[in-house]
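I opened the model to look up strand pairing first, then aromatic contacts. My entries follow.

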Amino acid sequence: LSALDWFGNSLGSLGAGPVWESEGSGRVGLTVGASRDATGGPERGAVHVLSVGRNESGDMWSWARGKLASGSVAGLGLSDGDFFGVSVSAMGVGPGGWPVLAIGAYRDDEGGLYRGAVWLIALEGGSGPNSVSGRAVLKVASGVGGGPGLSDEDFFGQSVVGLGQVPGSGAPSHILVGAYYD
C-alpha cells in the first residue's frame, strides 16, 4: 500500500459464511476501497477483500484474500483517474456462493468527462488457497449496461448501496447510485 492510495475510503461488509470461515469460525468478509491505488496506472483504484476475525490467541486480526484492480479482474477495463473503489456494496450471492459487489468509479469517462460508472463484480476463488479473485459482470455507465443518460461531471458512482436480490435467482434486484452533481 502507498500513503496516497486512500485505503479505507470505502468499506463494505460481506457478512459471515463458509467462504470466510475456512481458517476458523467467526470470521466475516470485508471490502476496503483504495480509490487512488495506482495498479495499472495513476488513480485507477482498487478494492481489497479481507476476512476479519479472531486468531487462535483471541486477538482481532485480518487476513488479505485478494485485490480487485486493473489487470487482476477479468473484463474490468479501467483508465487512469477512474477512482474505482470510491464506493462498494455487496449485492447478494452469485454463482458458487460467492458475493457479487457493486463498485463505484465516479470519475470514469464513459460518454464524457467524469460521468462515472458502477461495476458489478462477481467474486470467485483465486489461484491460491483462501484467495479471492473476481470477474466483471456488468458496467453501468452513461448509456451503457442500462445506465441513465448522464452529463459531464455528474460523478455517478460516488456512492452505491445494494438492496438485495431477486429471491431464488441469485441476481441483484436494485442498486441505488449517487451522482452528486446530477
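I took two strands as paired if DSSP finds at least two bridges between them. Strands (E, at least two residues) are DSSP runs, numbered from the N terminus.

The model is predicted: local features need pLDDT of at least 70, side-chain atom pairs count only at pLDDT 80 or more, and totals for chains, interfaces and linings use all residues. Residues are numbered from 1 along each chain as its sequence is written, and side-chain values use heavy atoms, with hydrogens and water left out.

**Strands.** I started at S3 (residues 46–54). Eight of its nine residues are buried (under 20% relative accessible area, 1.4 Å probe, protein chains only), so the rest of the structure largely encloses this strand. S2 (residues 28–34) runs antiparallel to S3, with seven bridges. S4 (residues 60–69) is also antiparallel to S3, with nine bridges. I looked up Val-47: its bridge partner in S2 is Gly-33, and Leu-68 stands opposite in S4. Five residues separate S3 and S4 in their hairpin, where Gly-58 has a positive phi near 90°.

**Rings.** I paired rings of Phe, Tyr and Trp (its six-membered ring) with centres within 6.5 Å; planes under 30 degrees apart are stacked, over 60 edge-to-face, the rest tilted. That gave seven aromatic pairs. Phe-155 and Tyr-180 are stacked, because their centres are 5.3 Å apart and their planes at 10°. They sit 25 residues apart in the chain. Phe-155 is buried at 8%; Tyr-180, at 43%, is partly exposed (between 20% and 50%). Phe-155 also pairs edge-to-face with Tyr-181, at 5.3 Å and 70°.

Key. Helices (H or I, at least four residues) and strands (E, at least two) are DSSP runs, numbered from the N terminus.
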